[in-house]
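Some labels used for a protein model rest on a value and a cut-off. The turns below ask what stands behind each label.

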Amino acid sequence: MDVERNAQRKGEETTHGHERRGRELLGRRTEAVEDYAKAIFSLQRRGNRGVSTNALAEHLGLSPGAVSGMLKRMDEMHLVVHERYHGVRLTAAGEKVALEVLRHHRLIEAYLAEAFGMSWDRVHAEAEVLEHYISDELGELIAEALGDPERDPHGDPIPDRQLTLPQDETRALVELEPGESGVFTVVSDRDSSMLRYLAERDICPGVELEVEDKQPFEGPVLVRVGDQVHSLGGALARSMRVSPA
Ligand SMILES: [Zn+2]
């Protein structure tokens, strides 16, 4: 009897032990881990072979020391691999984390803009917080309510239900030569003052624009939208992406 009870208790302890370890592992997928995965993903997508600690630190506004500590942890979690001389890359598991968070982020942005008419420079800040907290189920309800949108209000593609994201075929506006035109599709959502500046000039994703002139050394780019010509600063023109007209 005692033996049985002991065996039972031992069994319970093992189960509890497993649960605890499971919780610990889940607990390690913190907001920070998700933010890092997202940042590495976006830097990788810009064509870097691997992402250096410095590039990541700059992107996240953190010190390289803090970043390498976190990368070590993510390595232990099998979310990143270190590539000699090239920094880190996401593993398939790391990419999944990034795409899940991106899907939530962009669906939330689309929902806030659609349901509350929130401006595109404000939705990002809200989504940065909420992306870590909504369940997959709520994410799917939002997607359904919006009719499975393909893009967020900034023009960024939303990963689909299978977490696939179309190839990025856009170019930075600053790369276009005078006489070339394209459709403005994406602007980085990280700088809300840029977003406001564009919105005030009615330059929103979907408008067609033509480069009239371009100053050297990252100087302003003169862009025609309809019958208006705008002078857009070099930093702005670098953040704006256009797809073929
Ligand atoms: Zn955003």
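Q: Why is F217 called exposed in this predicted model?
A: A residue counts as exposed if 12 or fewer other C-beta atoms lie within 10 Å of its own. F217 has 5 C-beta neighbours inside 10 Å, so F217 is exposed. F217 lies in the loop between β5 and β6.

Q: What is notable about the phi of F217?
A: The phi of F217 is positive, about 55 degrees, although F217 is not a glycine.

Q: Why is D148 called exposed?
A: The cut-off for an exposed residue is 12 or fewer other C-beta atoms within 10 Å. D148 has 12 C-beta neighbours inside 10 Å and therefore counts as exposed. D148 sits in the loop between α7 (136–145) and β3 (171–172). The phi of D148 is positive, near 50 degrees, in a residue other than glycine.

Q: What makes β4 largely enclosed by the rest of the structure?
A: A residue is buried if 20 or more other C-beta atoms lie within 10 Å of its own. In strand β4 (residues 181–187), five of the seven residues are buried, so β4 is largely enclosed by the rest of the structure. Over the chain, buried residues make up 28% of the 245 residues.

Q: How do you know that β4 pairs with β5?
A: Two strands pair if DSSP finds at least two bridges between them. Three bridges join β4 to strand β5 (residues 208–214), and the two run antiparallel. At G182, the bridge partner in β5 is L209.

Q: How do you know that β4 pairs with β8?
A: At least two bridges are needed for a pair. Five bridges join β4 to strand β8 (residues 240–244), again in the antiparallel sense. G182 has P244 as its bridge partner in β8, and V183 stands opposite S243 in β8.

Q: What makes β3 and β7 the edge strands?
A: Six strands form an open sheet in the order β3-β8-β4-β5-β6-β7, with antiparallel pairing. Each of β3 and β7 (228–232) pairs on one side only, and these are the edge strands.

Q: How do you know that β1 and β2 pair?
A: A pair needs at least two bridges. Strand β1 (residues 80–83) and strand β2 (residues 87–90) are joined over four bridges in the antiparallel sense. E83 stands opposite G87 in β2. The hairpin of β1 and β2 has three residues between the strands, and Y85 takes a positive phi near 65 degrees there.

Q: Why are α6 and α8 called roughly antiparallel?
A: Angles over 145 degrees count as roughly antiparallel. The axes of helix α6 (residues 120–130) and helix α8 (residues 192–200) come within 8 Å and cross at roughly 155 degrees. The two helices are therefore roughly antiparallel to each other. In their contact, W120, D121 and H124 of α6 meet S192, L195, R196 and A199 of α8. By class, this contact has three nonpolar, two polar and two charged residues.

Q: Why is α2 called roughly perpendicular to α5?
A: The range for roughly perpendicular is 65 to 115 degrees. Helix α2 (residues 31–45) and α5 pack at an angle of about 95 degrees, with their axes 8 Å apart. That value makes α2 roughly perpendicular to α5. E34, A37, K38 and F41 in α2 meet G94, E95, V97, A98, V101 and L102 in α5. The contact has six nonpolar, one polar and three charged residues.

Q: What makes up the largest nonpolar core?
A: A nonpolar core is a set of buried residues of certain nonpolar kinds, joined through C-beta atoms within 7 Å. The largest has 26 residues, and those with the most contacts inside it include L107, Y111, L173 and V221. At least two residues of this core come from each of α5 (92–116), α6, β4, α8, β5, β6 (221–225), α9 (234–239) and β8. The most come from α5, which gives five residues. Leaving aside neighbours within four places in sequence, L173 is in contact with V221, A237, M240 and V242. A second, separate core of 18 residues includes I40, F41, V88 and L102.

Key:
Residues are numbered from 1 along each chain as its sequence is written. This is a predicted model: local features need pLDDT of at least 70, side-chain atom pairs count only at pLDDT 80 or more; totals for chains, interfaces and linings use all residues. Axes are lines fitted to C-alpha atoms, for helices over the stretch in contact, and angles run from 0 to 180 degrees between N-to-C directions. Angles under 35 degrees count as roughly parallel, over 145 as roughly antiparallel, 65 to 115 as roughly perpendicular and the rest as oblique. Two residues are in contact if their C-beta atoms, placed from the backbone, lie within 7 Å. Ala, Val, Leu, Ile, Met, Phe, Trp, Tyr, Cys and Pro count as nonpolar, Asp, Glu, Lys and Arg as charged, and the others, Gly among them, as polar.
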